[in-house]
Protein chains: 2
Amino acid sequence: MAKEKKLVEAITSMDVDFAQWYTDVVKKAELIDYSSVRGCMIIKAYGYAIWELIQKDLDRRFKETGHENVYMPLFIPESLLQKEKDHVEGFAPEVAWVTHGGQEKLAERLCVRPTSETLFCEFYSNNIQSYRDLPKLYNQWCSVVRWEKTTRPFLRSLEFLWQEGHTAHATHEEAQEETIRMLNVYADFCENVLAIPMVKGKKTEKEKFAGAQSTYTIESLMHDGKALQSGTTHNFGDGFAKAFEIQYTDKENKLQYVHQTSWGMTTRLIGAVIMVHGDDSGLVLPPAIAPVEVVIVPIMQHKEGVLEKAAELKGRLEKASRVRVDDSDKSPGWKFAEHEMKGVPVRLEIGPKDIEANQAVLVRRDTGEKSIVSLDGIEASVEELLGAIQKNLLEKARAHRDSHTYIAKDMAEFTRILEETPGFIKAMWCGDQACEDEIKEKTSATARCMPFEQERVSDTCVCCGKAAQKMVYWGKSY
Amino acid sequence: MAKEKKLVEAITSMDVDFAQWYTDVVKKAELIDYSSVRGCMIIKAYGYAIWELIQKDLDRRFKETGHENVYMPLFIPESLLQKEKDHVEGFAPEVAWVTHGGQEKLAERLCVRPTSETLFCEFYSNNIQSYRDLPKLYNQWCSVVRWEKTTRPFLRSLEFLWQEGHTAHATHEEAQEETIRMLNVYADFCENVLAIPMVKGKKTEKEKFAGAQSTYTIESLMHDGKALQSGTTHNFGDGFAKAFEIQYTDKENKLQYVHQTSWGMTTRLIGAVIMVHGDDSGLVLPPAIAPVEVVIVPIMQHKEGVLEKAAELKGRLEKASRVRVDDSDKSPGWKFAEHEMKGVPVRLEIGPKDIEANQAVLVRRDTGEKSIVSLDGIEASVEELLGAIQKNLLEKARAHRDSHTYIAKDMAEFTRILEETPGFIKAMWCGDQACEDEIKEKTSATARCMPFEQERVSDTCVCCGKAAQKMVYWGKSY
Ligand SMILES: [Zn+2]
Ligand SMILES: [Zn+2]
């Protein structure tokens with residue numbers, strides 16, 4: 001047992017030091033490795049396999065909603081980045097600049113794309129002439145770079161992987177519909193695939209994307225009570241269109257500006273999965289994105305027939321699920337700890353006695369619960385169990401989120417909640433940015449969003465006491 | 001007919017100006033668009049859909065041969081790039097340098113990865129300790145940057161998309177096996193999916209990859225008689241391992257260096273497909289990578305029942321193939337020309353008379369041949385036709401390659417062939433780089449490879465007349 005203990009003991013308990021627990025999990029579950037490039041992570045095979053499952057599901061949803069993938073250049077000339085005033089102000093301070101190509105100094109600096117609005121705008125200005133060319137519904141999968149000062153794997157890094165949707169529409173209404181449609185696609189994906197419940201809402205002016213008319217967000221609550229912005233969609237109105245002169249002739253042959261949107265989700269979703277579902281034994285993966293949904297651990301595997309039976313079960317189960325047999329020469333106990341660390345949803349134990357009894361032991365990663373099932377019809381037992389785990393993770397996460405969502409009516413309450421029981425704070429706001437600034441300065445909490453589902457939790461602004469306009473979700477965030 | 005003509009006439013004939021024909025096709029078939037970033041292309045939706053099909057098939061082959069995907073950083077610190085002498089000499093002259101992050105000047109320049117050997121080596125040096133950790137079989141899909149002076153879409157661009165496999169093994173033999181295994185995976189893919197026959201062989205010392213012990217290549221012949229290096233695999237021996245100190249303890253507890261390989265294919269494959277299969281009507285796509293395998297063009301689509309029948313046929317055919325109905329308000333003739341330009345393998349025409357006769361017209365893109373088939377069992381007719389097209393494209397390409405492969409016994413013959421009937425030249429070589437240099441200088445042809453299938457086409461070196469060592473495929477190349 002010494003070895004198994006070593007693997008488990010190496011993890012800090014999440015209640016002792018959540019940040020350290022997180023770092024331990026990303027390393028021990030073999031999701032990432034550090035590189036000699038500051039703030040850039042290596043996504044290891046297991047971590048990348050999770051990303052591939054996320055990509056595959058999201059990509060299908062994008063295509064089902066009519067989007068096509070394209071690929072834009074990695075570089076943006078400085079002059080192109082500068083075309084939209086708010087956008088450049090937001091991004092210029094945090095981009096990486098290429099100044100030399102080979103031996104030659106460039107006449108104009110190129111930034112490594114922090115996001116590709118400007119490239120898509122240039123593309124649209126060359127490819128949209130008539131109302132017949134609209135809408136344009138594009139997405140791209142790529143990596144982007146933002147020169148962050150402090151970084152954390154998946155949550156904030158110099159380079160990260162993401163998708164960025166960019167669309168152009170004839171009218172403001174169509175752009176707005178797209179913005180909300182994709183927010184709903186994101187929220188559905190997070191709930192049904194990642195098993196993470198989301199609060200959907202609109203960002204305040206202060207928190208919106210550089211260059212956007214309005215930004216919408218899905219916000220989730222981590223185990224430690226901090227919020228994570230998990231995906232955003234932006235309605236740009238015709239601001240970029242005016243800066244880049246993207247016009248089309250309408251049915252009456254009049255020139256009109258297009259209305260644009262963009263929307264993105266990133267590898268930070270993996271950080272959300274870790275911080276929402278994980279526990280002191282490591283990662284806990286929802287089956288839908290688990291590279292291995294069922295690990296078969298043979299017991300006394302040297303005994304005749306055990307490995308054969310394990311292989312047979314794998315063959316039967318992998319018709320519906322991702323299954324691995326761990327027939328390495330490590331002890332079963334070591335294997336148990338290792339696959340728990342990696343968050344494998346179901347462990348199937350099969351040994352000589354089980355074979356004799358025509359049964360197997362199934363162990364759930366989420367609850368630790370063991371059950372003995374007959375080998376006859378084990379396919380159905382496993383499928384049912386995976387479904388139950390997926391469902392339970394969402395319910396647990398929702399219960400945690402709901403029990404860590406508080407109402408504050410004044411700043412004393414607001415501050416006490418943040419200090420004593422961190423979580424989402426629902427509080428009214430007068431709509432004045434001064435109050436938003438003051439709250440941030442005093443508590444470091446920010447307005448996460450103005451949720452679509454508004455409630456009137458009091459009549460006055462939590463900060464200034466003036467008449468309330470909006471109920472806002474507040475919280476400290478990653 | 002005026003409109004259809006305009007679309008077709010806009011293309012230069014390939015026999016008049018092959019380079020211009022190529023440029024016309026990539027634009028008119030909507031594969032790429034130019035951007036304001038010199039030498040970087042925008043891969044449009046149709047072009048990217050081809051790349052997605054290439055990726056999907058290759059990725060499956062990589063996984064079937066035991067490889068896992070990972071993701072390495074976009075940046076390489078200058079000091080890391082410099083660790084392996086030959087490698088840095090090969091790549092340093094053609095990389096893009098990041099010198100500033102945000103407002104700050106970096107203490108050390110970062111290059112945008114031109115290839116990721118150095119990053120994988122650093123990763124391996126941290127992650128390999130024992131023989132139990134071997135082999136490491138990784139791949140990554142990403143974009144890389146090489147600061148090329150002259151660029152052409154897909155064939156040579158500042159930034160391109162690719163996959164790079166990187167593996168580490170216990171012995172030289174295992175690394176060599178991997179190098180040849182992946183070359184075969186590449187060649188099989190090109191023949192069976194892209195319908196392009198390949199010559200497999202080894203590169204000469206002069207042509208091998210910077211830092212490799214040996215480089216293997218698959219070479220294909222374009223319609224204009226130029227060669228295209230279509231994929232390469234490299235055996236690094238333990239050269240990188242020594243530079244990066246990647247060691248493992250073997251079963252006898254002795255320290256050993258690992259042996260490494262790398263292998264890559266890029267978006268230039270799309271260039272190969274264009275230049276091997278294309279014709280004066282535009283692109284011709286092998287069904288296996290055609291985003292639309294069958295386009296249904298309704299004839300007299302305003303007549304009752306036509307669009308309904310087209311939709312019904314789509315529903316039946318899309319169980320096995322990628323099918324689109326073109327119900328736009330363009331004329332059938334315009335649609336014919338457009339889908340020919342985009343290389344759609346099969347056009348299905350269905351009009352009121354066809355419906356009455358319970359038939360449809362099928363038109364092959366590769367031969368232009370028309371056939372009338374019964375709507376009963378049309379699924380089988382279409383599937384058979386797609387199979388026949390895939391097969392015919394490979395046979396045509398092989399026949400073209402074989403009829404444009406020549407034997408030269410002296411430099412007079414060599415030069416005459418290159419001038420009069422460009423293609424592959426099989427000629428003997430003494431093994432001396434001086435001859436290779438002289439041939440390149442005099443003819444601008446290079447040694448494409450020393451094919452695995454050696455023949456003795458003469459006894460003496462085509463250049464110096466000394467005793468011949470190797471038969472070499474020579475050619476001008478992209
Ligand atoms: Zn207020
Ligand atoms: Zn010679």
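This report describes a predicted model with chains A and B, covering chain A, the contact between the chains and two zinc sites. Local features need pLDDT of at least 70 and side-chain atom pairs count only at pLDDT 80 or more, while totals for chains, interfaces and linings use all residues. Residues are numbered from 1 along each chain as its sequence is written, chains are lettered from A and ligands numbered from 1 in the order in which they are written, and side-chain values use heavy atoms, with hydrogens and water left out.

**Chain A**

Chain A holds 15 helices and 23 strands; these are DSSP runs numbered from the N terminus, with helices being H or I of at least four residues and strands E of at least two. Its C-alpha atoms occupy a box of roughly 80 × 55 × 50 Å along the principal axes. The radius of gyration of chain A is 25 Å, which agrees with the value near 23 Å for a compact globule of 478 residues. That radius is taken over C-alpha atoms, and the globule rule is 2.2 Å times the number of residues to the power 0.38.

Of the 478 residues in chain A, 60% are buried. Buried means under 20% relative accessible area, exposed over 50%, and partly exposed in between (1.4 Å probe, protein chains only). The accessible surface of chain A is about 19000 Å², with 47% belonging to carbon and sulfur atoms; the areas come from the Shrake-Rupley method with a 1.4 Å probe, and for residues only the protein chains shown count as cover. Among contacts (heavy atoms within 4.5 Å) in chain A between residues at least 6 apart in sequence, 68% join residues at least 24 apart.

A:Thr267 sits in the loop between β14 (259–266) and α9 (268–277) of chain A. This residue counts as buried because its relative accessibility is 0%. Leaving aside residues up to four places away in sequence, A:Thr267 touches A:Met41, A:Ile43, A:Trp51, A:Phe154, A:Phe160 and A:Leu161. The C-alpha atoms of A:Thr267 and A:Asp59 are 14 Å from each other, with their positions 208 residues apart along the chain.

**The interface**

In the interface, 51 residues of chain B contact 51 residues of chain A. Together the chains bury about 4200 Å², 60% of it on carbon and sulfur atoms. Buried area is the accessible area (1.4 Å probe) that two parts lose on being put together, summed over both. B:Tyr71, B:Phe75 and B:Trp147 supply 15% of the area that chain B buries against chain A, more than any other three residues.

**The zinc sites**

Donors are N, O and S atoms within 2.8 Å of the metal (3.2 Å for Na, K and Ca); water is not among the atoms, so sites may look incomplete.

| Zinc ion | Donor atoms | Distances |
|---|---|---|
| ligand 1 | A:Cys430 (SG), A:Cys435 (SG), A:Cys461 (SG), A:Cys464 (SG) | 2.2 to 2.4 Å |
| ligand 2 | B:Cys430 (SG), B:Cys435 (SG), B:Cys461 (SG), B:Cys464 (SG) | 2.2 to 2.3 Å |

The donors of ligand 1 are spaced C-x4-C-x25-C-x2-C in sequence. A:Cys430 lies in the loop between β21 (424–429) and α15 (433–443) of chain A, and A:Cys461 in the loop between β22 (446–451) and β23 (470–475), so the pair ties together parts 31 residues apart in sequence. Both A:Cys430 and A:Cys461 are buried. The arrangement around ligand 1 is tetrahedral because the four donor atoms subtend angles of 105 to 117°; four donors count as tetrahedral if all angles lie between 85 and 135 degrees.

Around ligand 2 the angles are 105 to 116°, which makes that arrangement tetrahedral. B:Cys430 is buried, at 14% relative accessible area, whereas B:Cys464 is partly exposed at 34%.

Note on methods: Four donors count as tetrahedral if all angles lie between 85 and 135 degrees; four count as square planar and six as octahedral if opposite donors are over 155 degrees apart and all others between 65 and 115; anything else is irregular.
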